[in-house]
Amino acid sequence: MRSVRTKWQVGHAATWIAAALAVASCGTDGDTADTADSADTQTSGSDPTVQWTAPAEDAFVFGEVTLQVEVSAGVTKVRYFVDGGLLADSETAPFSVEWNADEVTEGPHTVKAIASDDAGRSATAEVAVVVDLAGPVVAFVTPEDGALVQGDVAISVTASDSSAVEQVEFEAQPASGAAVTIGKTVAPPHAATWANAGAASGPWTLRATALDAAGHETVATRTVVLDRSPTATFTTPAADASLSGVVQITGTLDDDLGLKSGELTIDGVVATTVAVSGTTTAFELAWDTGMVAYGEHTLVARVTDSADQ
């Protein structure tokens, strides 16, 4: 506070008033300058900014999830909240924390980050996520478990998930050897055809692997037996040959899985049965052509495998 001391003199009243006004004016200017300096100090710097980098908006999450935001310079702390409840504080760059999403229920959740600086200013960002704790459910429709299959095999499964089934991949694997990819579907119906020409006979495992939006995988399997039809081959006589006297009829019966029975017929009448064993059996029959009429005759070798094919 400033003051001026003087004596009252009527003749100098105007001079006193002017002096008092000048001093008052000077004091007002000083106060205004001090106030302006204070305002400048309070508004220096910028408000913080914060934006999510992980997880992404509407992401499907489970297990340990890294929460990460990008903040502006000057931020000294980030507080993380899940559905309004405080999860953790991070006061060191890069200001990330871990969240065990398995501790909450499946479904939508909101994760919030509040970034603040030493001046008490803050900024907030939120991200919505979907917690998906379980994998998809996948089950075979066809073929039946343990089925004996031949030729191209139709495979179909059902697949469902609380979030979404992204794809179903089909494979076939022999008892020994690497799996073979059959195909992949990204939408129902989830089906594929196993074109198995050239594949070995015997047991095979069919596999359907379903993947959901959260990255969970579920595998369903089914065991089938691939069976090639047995074969019968004549060695002698040659087809359409002219025959006379006693003719040796020879040949082989074959099946990858094993033979069950065999027989030879002449013009539809069983001439002999063949004692079979293993996967290959040779047959032989001495046929006296003098016992039949002249003309065309039909020889047939029939074979049944262990699967009754």
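**Strands, cores and ring pairs**

Colleague: How many helices and strands are there in the chain?
Modeller: Counting DSSP runs numbered from the N terminus, a helix (H or I) needs at least four residues and a strand (E) at least two. This is a predicted model, with residues numbered from 1 along each chain as its sequence is written. Local features need pLDDT of at least 70, side-chain atom pairs count only at pLDDT 80 or more, totals for chains, interfaces and linings use all residues, and side-chain values use heavy atoms, leaving out hydrogens and water. The chain has one helix and 22 strands.

Colleague: What percentage of the residues count as buried?
Modeller: Buried is under 20% relative accessible area, exposed is over 50%, and partly exposed is in between (1.4 Å probe, protein chains only). Of the 309 residues of the chain, the buried ones come to 32%.

Colleague: Which strand supplies the largest share of the largest nonpolar core?
Modeller: A nonpolar core here is a set of buried Ala, Val, Leu, Ile, Met, Phe, Trp, Tyr and Cys residues joined through side-chain atoms within 4.5 Å. This one has 23 residues, and Trp52, Val61, Leu67, Val78, Tyr80 and Trp99 touch the most other members. Strands that each supply at least two of its residues include E1 (50–54), E4 (75–82) and E8 (122–131). The largest share, five residues, comes from E8.

Colleague: Which residues is Val78 in contact with, leaving aside its neighbours within four places in sequence?
Modeller: Contact means heavy atoms within 4.5 Å. On that basis Val78 touches Val69, Val71, Ala88, Asp89, Ser90, Phe95, Ala113, Ile114 and Ala115.

Colleague: Which strands stand at the edges of the open sheet E1-E3-E6?
Modeller: Two strands pair if DSSP finds at least two bridges between them. The three strands of this sheet pair antiparallel, with four bridges joining E1 to E3 and Gln51 opposite Glu70 in E3. Two of the strands have a single partner each, so one side of each is left without a neighbour in the sheet: E1 and E6.

Colleague: And over how many bridges do E18 and E21 pair?
Modeller: These two belong to another open sheet, ordered E17-E18-E21 and antiparallel. In it, Gly251 stands opposite Phe283 in E21. Strand E18 (residues 246–254) and E21 pair in the antiparallel sense over nine bridges.

Colleague: What kind of aromatic pair do Phe234 and Phe283 form?
Modeller: Rings of Phe, Tyr and Trp (its six-membered ring) pair if their centres lie within 6.5 Å; planes under 30 degrees apart are stacked, over 60 edge-to-face, and the rest tilted. The structure holds three aromatic pairs. For Phe234 and Phe283, the centres are 5.8 Å apart and the planes are at 85°, which makes the pair edge-to-face.

Colleague: How many residues apart are Phe234 and Phe283?
Modeller: The pair links distant parts of the chain, with Phe234 in strand E17 (residues 231–236) and Phe283 in strand E21 (residues 280–288). The separation is 49 residues.

Colleague: Is Phe283 buried or exposed?
Modeller: Its ring partner, Phe234, is partly exposed, with a relative accessible area of 30%. Phe283 has 5% relative accessibility, so it counts as buried.

Colleague: Which residue lies over the face of Phe81?
Modeller: A charge sits over a ring if NZ of Lys or CZ of Arg is within 6 Å of the ring centre and within 35 degrees of the ring normal. At 5.2 Å from the ring centre of Phe81, the residue is Lys112.
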